[in-house]
Amino acid sequence: MTASTVAERAGVKLSTASDAVRKLADQGLVDHAPYGSIALTEEGRRHAVAMVRRHRLIETFLVEVLGYRWDQVHDEAETLEHAVSDFMIDRIDQHLDHPERDPHGDPIPTRDGVVSRPDAILLTALAAGSRASVERISDDDSELLQFFADHRIRFGTVLEARAAAPYSETIEVAVDGLDATLPLGRAATDAVWVRALD
């Protein structure tokens with residue numbers, strides 16, 4: 001990864017990203033040569049995984065305990081993950097009975113930093129006629145998450161891919177328990193990871 005990639009992903013100016021990378025390098029959290037790529041150090045990886053754990057546990061807590069919708073939790077968790085103590089995170093984990101996935105299906109790292117990644121492919125790559133279970137849905141777009149919720153597509157939902165109109169760049173999906181099929185364009189199918197069941 002480069003500083004320009006960090007700037008683009010974070011939505012900040014290149015100079016802001018470069019300053020942040022320098023500070024992280026000074027703290028021993030990243031390795032970075034000027035104008036070169038950025039890589040996490042082992043210590044940096046531990047901090048990053050711990051932050052991911054905090055974020056995903058908070059999202060899960062907000063949905064399961066406080067009744068937030070899954071499209072509302074990302075920004076809230078971004079704020080809270082920096083404010084809560086390790087003790088509180090451990091209590092949330094215990095209260096939720098040590099969940100392995102957040103509401104979007106993202107794996108929650110263990111306290112020891114172990115991450116179990118699901119074996120999944122993008123829905124875009126699922127062949128027509130195949131059945132699959134939704135393993136993960138990107139939380140980058142809250143409106144897309146609400147669209148999926150309105151059509152009962154979430155982590156654990158079983159889908160069947162059906163042939164769509166030629167050259168339409170869509171996939172028709174049938175959701176278990178619903179009669180109608182739903183056409184999904186590339187923006188939607190590239191946001192969903194599934195595990196084939198057949």
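Asp190 is partly exposed, with a relative accessible area of 31%. The side chain of Asp190 meets that of Arg186 in a salt bridge, 3.2 Å from N to O. This is a predicted model, and the count of salt bridges in it comes to 14. The points below cover several of these pairs, then helix H6, the buried Asp139 and the N-terminal region.

**Salt bridges**

- Arg186, the partner of Asp190, is also partly exposed, at 48% relative accessibility.
- Arg111 and Asp90 pair through their side chains, at 2.8 Å from N to O. Arg111 sits in the loop between helix H5 (86-95) and strand S3 (121-122), while Asp90 is in H5 itself, so the bridge ties together parts 21 residues apart in sequence.
- Arg111 is exposed, at 62% relative accessibility. Asp90 is partly exposed, with a relative accessible area of 22%.
- Asp90 and Arg111 also belong to a network of salt bridges that links them with Arg53 and Asp93.
- Arg195 forms a salt bridge with Glu135, with the closest N and O atoms 3.1 Å apart. Arg195 lies in strand S8 and Glu135 in strand S4, so this pair ties together parts 60 residues apart in sequence.
- Glu135 is buried, with a relative accessible area of 6%. Arg195 is partly exposed, at 37%.

**Helix H6**

- Helix H6 spans residues 142-150. Leu144, Leu145 and Phe148 are buried in H6. These residues cover an arc of only 105 degrees around the axis, which puts them on the same side of the helix.
- Glu143 and Asp150 are exposed on the other side of H6.
- The cover over the buried residues of H6 includes strands S4, S7 (181-185) and S8 (192-196), along with helix H7 (186-189).
- Asp141 caps the N-terminal end of H6. A side-chain oxygen of Asp141 lies 2.9 Å from the backbone nitrogen of Glu143.
- Arg152 follows H6 and has a positive phi, near 60 degrees.

**Asp139, a buried charge**

- Asp139 is in the loop that runs between strand S4 (131-137) and H6.
- Asp139 is buried but has no salt bridge. Arg136 offers the nearest side chain of opposite charge, 5.9 Å away. A salt bridge here requires a side-chain nitrogen of Lys or Arg within 4 Å of a carboxyl oxygen, so a pair at 5.9 Å does not count.
- Beyond its neighbours within four places in sequence, Asp139 is in contact with Glu59, His74, His104 and Leu145. Of these contacts, Leu145 is one of the buried residues of H6.

**N-terminal region**

- An unreviewed UniProt entry annotates residues 1-41 as "domain: HTH dtxR-type".
- Over residues 1-41, the chain is 51% helix and 15% strand. The C-alpha atoms at the two ends of this stretch are 13 Å apart.
- Gln27 lies in the loop between helix H2 (14-26) and strand S1 (30-32). Gln27 is exposed, with a relative accessible area of 54%.
- Gln27 and Gly44 are 17 residues apart in sequence. In space, their C-alpha atoms are 9.0 Å apart.

Conventions
Residues are numbered from 1 along each chain as its sequence is written. This is a predicted model: local features need pLDDT of at least 70, side-chain atom pairs count only at pLDDT 80 or more; totals for chains, interfaces and linings use all residues. Side-chain values use heavy atoms; hydrogens and water are left out. UniProt positions are given in the numbering used here, feature names are shortened, and annotations may be inferred rather than shown by experiment. Helices (H or I, at least four residues) and strands (E, at least two) are DSSP runs, numbered from the N terminus. Buried means under 20% relative accessible area, exposed over 50%, partly exposed in between (1.4 Å probe, protein chains only). Lys and Arg count as positive and Asp and Glu as negative; His and the chain ends are not counted. Contact means heavy atoms within 4.5 Å. The arc is that of the directions from the helix axis to the C-beta atoms. A polar contact is a pair of N or O atoms within 3.5 Å; within protein, one must be able to donate a hydrogen and the other to accept it, and residues adjacent in sequence count only if both atoms are side-chain atoms.
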